[in-house]
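Good morning, and thank you for coming. I would ask you to keep the chain in view while I speak, as I shall go from one region to the next.

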Amino acid sequence: MAEESDKEDRTEAPSPRRLEQARKEGNVPRSRELSTFAITATGLALLMATGSNIYQFLHQLLVDWFTFNQGKAASGALILEHFRRSLWDSMFAIAPLLGALLVVAVATPMAIGGWNFTSKGFMPNFGKLNPASGIKRMFSLQAVAEGTKAILKSALIGGVATWVIWNERGDLAGLVSMPLDKAQIHLLGLMEHTFIMVVGAMLLLVLLDVPYQLWQYQKNLRMTKDELKQEYKEQEGSPEVKGRIRQLQREAARKRMMQEVPKANVIVTNPTHYAVALRYEDGMAAPKLIAKGSLKLAERIIEKAREHQVTVVRAPSFARALYFNVELEEDVPSKLYTAAAQVLAYVFQLEEYEKRGGSSPVFPEQLQVPPELDPESKRNQHTAPTGPL
C-alpha cells in the first residue's frame, strides 16, 4: 500500500537532471518490437533484392561441395581442405546479409533512446538474486502488461501467418505436381508473401509499442513535488545557504570599499544619512565614485576618512544625487560635473592653503545639482547648509 501511495504522489514530469541520471545508470527507453521488426524487415528486403543471386551461388557451391575426384576421395586431408574452402565460400556469400542485419540490430535501439554506454551494467547487483523481489516483479502490473502484450503479439502474428497459409493451401498442395525447379521458385514466392504479411502485422505492433514504451519510461521516472524542491535546492542551493553567501559577498565588497576610502580626495555627506567618496587624478575623464554608504556605513566611511585625513564636506543634495544615481567604480555623470568640479576645486584649494598658507578657501554656498537627480529635492524646498565638517 505504501508503494502504491508513493506512485500516486509522483505526479510531476521528470526533470532534465533526473533523465540524465537515468541515462548514466543505463535506463533509457527501448522497444523490443521495434528491433524485431527492423531486423525482420531488413532481412526480408535483402532476401527479396539479392535472394536469387544468393540462391544460385549457394546452389553452385553445394554442387561443388559434394563433387570431388577420386584422388581427393582417397585422401582425408584433401577432403577436409575441400570442405574448409567450401564452408569459407558459403560464409563469404552470406556475410553481407549478416553484416547488414548486425548494423540494423545495433542502430535500431538508438532510434528512441539514443546512444548510451555505461559501465554500471557490468556491475554485479545481488538484489536481483533476491527471490522475494523476483516473485514481486512476476506479479506486478508491469509484468501483467508485458505478459498480455506477448500473448497479443503471438496471437496477431500467428493469426496472420495462419490466415495467409490457409488461403494459399491450394497452391501449397499443387507444389507436389510441379517440377522441382518450378516448385522451389513458387514456394519461395509463397514464403515471401507470407513474410510480407507478417512484417505488416509487426509494423502494427511497433506503432503501438513505441509510444507505450516512451509513456511508460516517463511514468517510471516521475517525481514528487518534494523531490523537485529538493533537487532545486541541490542545484541552486538552499535559501539559507544562498542568503549566507550573499551576506559574505556583501561583507567582502564592503571591506574592499572601505580600503578605498583613504585613496579618496573628498567625502561628500548628507551629513548623517549618506556619505560618498570621490577620487580624481590627472588623466581621468571624470571623478570616480569609490565608496558610498548610508546610516551606520556612512558613519564608518566618515570615521575612516578622518583617520586618514581625507577632507569631509557637507553637501546634502549632491551627496544624495551621487548615492542614488552612481554605482561603485562609476564616473560621475555629466549632469553633476559642475557640482563635482566645485567640490574638488575647494578641496585642492584647501590642500594648497594648508601647505602654503594665504587666504582660506570658501566652500560654495550652493552646488549646481539638477533637482531630478535628488530624490528629496521636492520635500526639502529650503536650502540645506553646506560646507566642511
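Let me begin with a definition: helices (H or I, at least four residues) and strands (E, at least two) are DSSP runs, numbered from the N terminus. With that in hand, we may place Gln 309, which lies in the loop between helix 13 (296-307) and strand 4 (311-314). Its phi angle is near 60 degrees, a positive value in a residue other than glycine.

Two remarks on the source are needed here. The model is predicted, and local features need pLDDT of at least 70, side-chain atom pairs count only at pLDDT 80 or more, while totals for chains, interfaces and linings use all residues. Residues are numbered from 1 along each chain as its sequence is written, and side-chain values use heavy atoms, with hydrogens and water left out.

Is Gln 309 buried or exposed? The terms are set by relative accessible area: buried means under 20%, exposed over 50%, and partly exposed in between, with a 1.4 Å probe and protein chains only. Gln 309 counts as exposed because its relative accessibility is 75%.

I turn next to the loop between helix 14 and helix 15, where Glu 329 has its place. Phi of Glu 329 is near 65 degrees, again a positive value in a residue other than glycine. Glu 329 is partly exposed, at 46% relative accessibility. Pro 333 is found in the loop between helix 14 and helix 15 as well, and with 27% relative accessibility Pro 333 counts as partly exposed. The C-alpha atoms of Pro 333 and Lys 288 are separated by 9.6 Å, although these positions lie 45 residues apart along the chain as a sequence separation.

Lys 288 brings us to the salt bridges. A salt bridge is a side-chain nitrogen of Lys or Arg within 4 Å of a carboxyl oxygen of Asp or Glu. How many does the structure hold? There are 9 salt bridges. In one of them, the side chains of Asp 331 and Lys 288 meet, at 3.3 Å from N to O. This pair links distant parts of the chain: Asp 331 is in the loop between helix 14 and helix 15, whereas Lys 288 is in strand 3 (residues 288-294), 43 residues apart. Asp 331 is partly exposed at 36% relative accessibility, and Lys 288 is partly exposed at 22%.

Another salt bridge joins Glu 12 and Lys 225, at 3.0 Å from N to O. Here too distant parts of the chain are linked: Glu 12 sits in the loop between helix 1 (2-9) and helix 2 (16-24), Lys 225 belongs to helix 11 (residues 225-236), and the two are 213 residues apart. Glu 12 counts as partly exposed, since its relative accessibility is 23%. Arg 279 forms a salt bridge with Glu 281, the closest N and O atoms being 2.5 Å apart. Of this pair, Arg 279 is partly exposed at 24%, and Glu 281 is partly exposed at 38%.

Now to the interior. A nonpolar core is a set of buried Ala, Val, Leu, Ile, Met, Phe, Trp, Tyr and Cys residues joined through side-chain atoms within 4.5 Å. The largest such core has 27 residues, and those with the most contacts inside it are Val 268, Leu 278, Phe 318, Leu 322 and Val 343. Strand 1 (266-269), strand 2 (274-279), helix 14 (316-325) and helix 15 (337-356) are the elements that give two or more residues to this core. Which of them provides the largest share? Helix 15 does, with 7 residues.

Finally, the surface. Patches are made of residues with over 30% relative accessible area and no salt bridge, like charges being joined within 9 Å and nonpolar side chains (Val, Leu, Ile, Met, Phe, Trp, Tyr) within 5 Å. Ile 165, Leu 172, Leu 187, Leu 188, Met 191 and Phe 195 form a nonpolar patch, with about 500 Å² of accessible area together; such areas come from the Shrake-Rupley method with a 1.4 Å probe, and for residues only the protein chains shown count as cover. Helix 10 (residues 180-220) gives the most to the nonpolar patch, with 4 residues. Phe 195 lies in helix 10 and is partly exposed at 42% relative accessibility.
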